[in-house]
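Look at the pockets of the model shown here. The text below takes them one at a time.

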Amino acid sequence: MKWRDPLLLIVVLLLLWQALYFFAGDIALSSPLATMRRLAQMLGDPRFVPHVLETLSAFLQAFVLAVLLGLAIGIALGAHRLTGEVAEPILVALYSIPKVTLYPIILLIFGIGMPAKVAFGTIQGVVPVALFTMNAIRNVNPVFNRTARVQNLSSIAWVRDVLVPATLPEIVTGIRVGFSLALIGTLLGEMFGAQRGLGFLLMQAMSLHNMPNIMAVTLLLVLFAAIVNTALLGIDRRLRRRSGAA
Amino acid sequence: MTGAEGGDAHVVLSAITRVYEGRPLDLALARGEFFAVVGPSGCGKSTLLDVIAGLARPTSGTVVFEGARVEGRVPDGVGVVFQEDASFPWLTVHDNIAFGLKYTSVAADEALARVDYAIAFMGLTDFRTAYPAQLSGGMRQRVCIARTLVQKPRLILLDEPFGALDQQTRLLMGDELLRLWRETGATVFLITHALDEAAMLSDRIGVMSARPGRFLEIMETHWPRTRDSTIVGNDDFGRLTSRLWTQLRGESIRALGHAGAVGVNQ
């Protein structure tokens, strides 16, 4: 029964996609079946796989950097209340502005290629991880720290046994949001300043109006994002349910 | 008036000031004594507990526990139960209760035996693998009390531990606390808002004034050590509660800042 609702949702989405295809026709999009067939062909093409690996490599680097930097910034700002209060509006403003506006600066600094893609993905992903981490540390229930003091916990034991478990649910939520944004950032980086990767292929297909290719690459990305997000959401919900927050 | 009887002082507070900007506060608790503090909101009861525990430093004066000065850290042998729910939501009931023992030299099998005993004693046997989110407020507080007690503290500091519970549960928890107190022989220092709770549980009750807090009176209850919540029907209990309220009514009104409005003669 656990799988019934997601399966039903997938069937409904496929039906909507098919209906939209009937309504809009080949010019606007390709059918679900044709898209899946095209994706299978592409995955079997040895020239396509390096593009997938390029994107995957750029994204993983960006994601890891976003998480590490986000955690470092979030911990620093969460631990020092005044710095956090000064930095929070700046971070929120950075979170709100379209990061594409920063792209020319990134290109000037890193040039066209992998470093620019990684930098763009990192910039997109780092802010939610930092914001959620900062708030998680700020919101640790003071009575937990008082309990740790009563037990005379060492700093290491306090971090390991109180701070980390107390902040983990909120940090995982930040990582989940950061994951989606780092993926978007990496692809945007590839679309506007790269010669390899799925974003580059997407841009190329768009300029040639190759609808089956656009749809096949998009489907691959959606599948990847959906699978990882489902896994992260599962961890997120498990942690929150345990702490009674959901 | 503020000294422990018989000279066997377990905890001694000398000339303590902090928020109590008025007269310095002196108090001595006898070993194995059950001492309660009542007073209006904001009079500094919880701060007094923090000072005794070593969680806050007094502005002046000293706290001595078992002959050693309390300075900046909670001494071994002191357990604290807070008013707020301090159970860790990420740990099961069993692991919450065992939490403090991890950092002591208690052997693993002894620790396990103590936790099992506390779980049974607190009526949590069916919930040992449950998380706090699955428990009622009263059960969570029992988990916190058990977590403190498995470490066998010689001084137990309780900051309104039953504040969030309904009256029936409070009375029953009071019985459990008295049973624990008798079994362990620990000295208990209880902060409470509830006058009946103080009257039922304590050997002595310190009545604090509105800020700046000081002891207006320390009352002796003269209850037998084997008491339980059935004493609430006792005439002496009624007289004691009434006397406590007589002392505190004016102070509580003063703390609320309403004296003029309700026309109290002080």
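**Two pockets and their linings**

The lining of the second largest pocket divides into 13 nonpolar, eleven polar and seven charged residues. The structure is a predicted model, and this pocket encloses about 490 Å³ of space. Its lining is made up of 31 residues, and those closest to the centre are A:Val150, A:Gln151, B:Val78, B:Thr104 and B:Gln151. Three elements give two or more residues to this lining: helix H7 (142-150) of chain A, and strand S6 (78-81) and helix H4 (137-149) of chain B.

Where does the second largest pocket lie with respect to domain 1 and domain 2 of chain B? Domain 1 covers 5-77 + 154-262 and domain 2 covers 87-152. Both domains give residues to the lining of the second largest pocket, so the pocket lies between them.

The largest pocket can be described in the same order. By class, its lining has 16 nonpolar, three polar and two charged residues. The volume of the largest pocket is about 960 Å³. Lining it are 21 residues, and A:Pro6, A:Leu9, A:Ile10, A:Ala226 and A:Thr230 lie nearest the centre.

Which helices of chain A each supply at least two residues of the lining of the largest pocket? They are helix H1 (4-24) and helix H10 (211-242). Helix H10 of chain A provides the largest share of that lining, with eleven residues.

Conventions
Residues numbered from 1 in each chain as written. Chains lettered and ligands numbered in written order. Predicted model: local features only at pLDDT ≥ 70, side-chain atom pairs only at ≥ 80, totals over all residues. Heavy atoms only, no water. 1 Å grid on protein atoms, 1.4 Å probe; cavity = no way out; pocket = protein on both sides within 12 Å on 5 of 7 lines; lining within 4 Å. Points joined across faces, edges and corners; volume = space filled by probe spheres on them. Helix = DSSP H or I, 4+ residues; strand = E, 2+ residues; numbered from the N terminus. Nonpolar A, V, L, I, M, F, W, Y, C, P; charged D, E, K, R; others polar. Domains from an automatic or database assignment.
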